[in-house]
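Here are my notes from going through this one, written for someone fairly new to reading structures. Have the viewer open while you read.

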Amino acid sequence: LKALCAYVKVCEDASKVKALCDNIAPVRIYNKTGNAIQIHYALKELDDDRKLLYLTNRTKKNQIVTLDIKGSYNIFSLDVTSGKEEQFTAIVSNGRTSTQLEFSEYGSAVLMLYKSEESYMAEKKHVEVLRLKNDFDIVSRDDNAITLDKCIYRIDDGEWQSEIAVINLHNKVLELQRACKVEMKFTFKIAEEVDFESIKLCMEDSQNFDISVNGISYVFEDCGMFVDHAIRTSFIGKYLKVGENTISLTCQFTQSEELYHAKFTPGVHESILNKLTYDTELENIYLIGNFGVKMEEKFILGSRRCLYGSKQFGLIKPVEQADITDITHQGFWFFTGQMMLSQKVNVELHSDRRYIVQFRRLNVPAARIYVNGEFAGNMIFSPYELDVTELLKDGENEIVIQMLSGNRNLLGPHHKPEGESYSVGPDSFSNKRGWTDDPELPTWTDNYNFVLFGVEF
């Protein structure tokens, strides 16, 4: 205890506690007011005398902070997508190193620290942001898609029932707890000038269904997967027509007695329910091809920056140009995959300037940038900017942005009143109330919710 007391320091007030902690802290972060807000860091010592410092801004505010590190170092920023390092200004004094960092909202930085007793002053160049317009040419893209997740139905040759979401129909038939015949009819409209030959039907377990298209028996000829190996595709265009079309699916709905027992017996443990598999599943179907998708009614920007609108959609001729700030509502409501968009921009180069492509927000999981046919880099993390100086030329330059979408707009959940779902559970796709649902909101809306797809300047 006496030996321990030799290390104890008594502080009369909080300011002295802070001063003591600052003196021994490996990293200090502060702004003009003396305290940076919610900048968290992790410092890792590497085997070769280097240190790796990761910092993240946990707020929706842009912050300019001073970084003060115990020890003498040269500091390099690490691009985690390319592995490239770039040295920037760092002042070494009295055994500590300081530099300035700028964080965008929820932005982060990865720094490599190399031992050095000398300060380093990076060459300062004026930064010029390339002025891109909103309108881009669509150079290439994956097939567009439409999700058909509602149908009219009948059971055991009974009366046809009104339209219902397929997942809700599956749960409804399951509650009968018996084998039965289920018929489903999906309807959609096609406008003139649509490329019929490109259209494919996509579905799971096609062998379990009798299929007809516009009243004609249809044999599903597998020609590859879509999104998932379980979702198979088959050309269907020659069976379609301008105007209203119908795809009919008929199956024998059967389940094992073990499943019914586990599903409907009170008190069955969750671990048993999580192991259930269905002998027959009623699933959404999809159409993919070279078409656009028109929302029949108006939409609004709803809660959580979600596009909220219509109950009905139709196939139309696709656009060849798009406003890149939101491509979703320009005929790509259910789109998933990659899309490449191009724009020409004139640049007058100056040797004392750096030129960057910069976005304020990225409403896609990732984007790739090409300049004059050369790969410039990936955009994944905030801040969304990329130095393209070395790839530019005087005069006209081509900027191509390849945007990669997720499956949210294709697979949903589409029908939650709260807009975008911040967390998703097993019941998020149905009209059942799940643990992720807001208890004060209804569990279902027949309207659709979509997220934005694009970049914002």
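The points below go from strands to hollow spaces, with one residue looked at on its own.

1. Before anything else, keep in mind that this is a predicted model. Treat every value below as computed from that prediction.

2. Let's begin with a small sheet. Three strands make up an open sheet, in the order S10-S29-S33, and the pairing is mixed. Its edges are S10 (126-129) and S33 (384-387), each of which pairs on one side only. If you look at how neighbouring strands sit, they are turned by 35° against each other on average, ignoring direction.

3. What sense does the pairing of S10 and S29 have? The two strands are parallel, and 4 bridges link S10 to S29 (residues 353-359). To find the spot on screen, pick Val-127, which stands opposite Arg-354 in S29. As a reminder from the textbook, strands of a sheet pair through backbone hydrogen bonds, and the pairing can be parallel or antiparallel.

4. Now try S11 (residues 135-141), which pairs with S27 (residues 321-323) through 3 bridges, running antiparallel. Here Phe-136 has Ala-322 of S27 as its bridge partner. S11 also pairs with S28 (residues 338-347), again in the antiparallel sense, this time over 4 bridges. For that pairing, look for Ile-138, whose bridge partner in S28 is Leu-341.

5. On to the hollow spaces. The second largest pocket has a volume of about 1100 Å³. Its lining counts 38 residues, and those nearest the centre are Ile-167, Glu-281, Pro-426, Phe-429 and Ser-430. Sorted by class, the lining of this pocket holds 18 nonpolar, 10 polar and 10 charged residues.

6. Which element gives the most to the lining of that pocket? The answer is H3, with 4 residues. Elements that each supply at least two lining residues are H3 (166-174), S20 (228-235), H4 (257-264) and H5 (270-273).

7. While you're at H3, have a look at Asn-168, which lies in this helix. Is Asn-168 buried or exposed? Its relative accessible area is 8%, and the cut-off for buried is under 20%, so Asn-168 counts as buried. Setting aside neighbours within four places in sequence, Asn-168 is in contact with Ser-430, Asn-431 and Trp-444. Ser-430 should ring a bell: this residue is also among those nearest the centre of the second largest pocket.

8. How many cavities of 30 Å³ or more turn up in a search of the whole structure? There are 2. The largest has a volume of about 170 Å³, and 13 residues line it, with Leu-148, Thr-187, Lys-311, Gln-312 and Tyr-448 nearest its centre. Two strands, S12 (144-148) and S15 (180-190), are the elements that give two or more residues to this lining. By class, the lining of the largest cavity splits into 6 nonpolar, 3 polar and 4 charged residues.

9. The second largest cavity comes to about 60 Å³. Residues lining this cavity include Met-184, Met-203, Phe-209, Leu-249 and Glu-281. You've met Glu-281 before, as one of the residues nearest the centre of the second largest pocket. In this cavity's lining, 6 residues are nonpolar, 1 is polar and 4 are charged.

Notes: Residues numbered from 1 in each chain as written. Predicted model: local features only at pLDDT ≥ 70, side-chain atom pairs only at ≥ 80, totals over all residues. Heavy atoms only, no water. Pairing = 2+ DSSP bridges. Axes fitted to C-alpha atoms, helices over the stretch in contact; angles between N-to-C directions. 1 Å grid on protein atoms, 1.4 Å probe; cavity = no way out; pocket = protein on both sides within 12 Å on 5 of 7 lines; lining within 4 Å. Points joined across faces, edges and corners; volume = space filled by probe spheres on them. Nonpolar A, V, L, I, M, F, W, Y, C, P; charged D, E, K, R; others polar. Buried < 20%, exposed > 50% of the residue type's maximum accessible area, 1.4 Å probe, protein only. Contact = heavy atoms within 4.5 Å.
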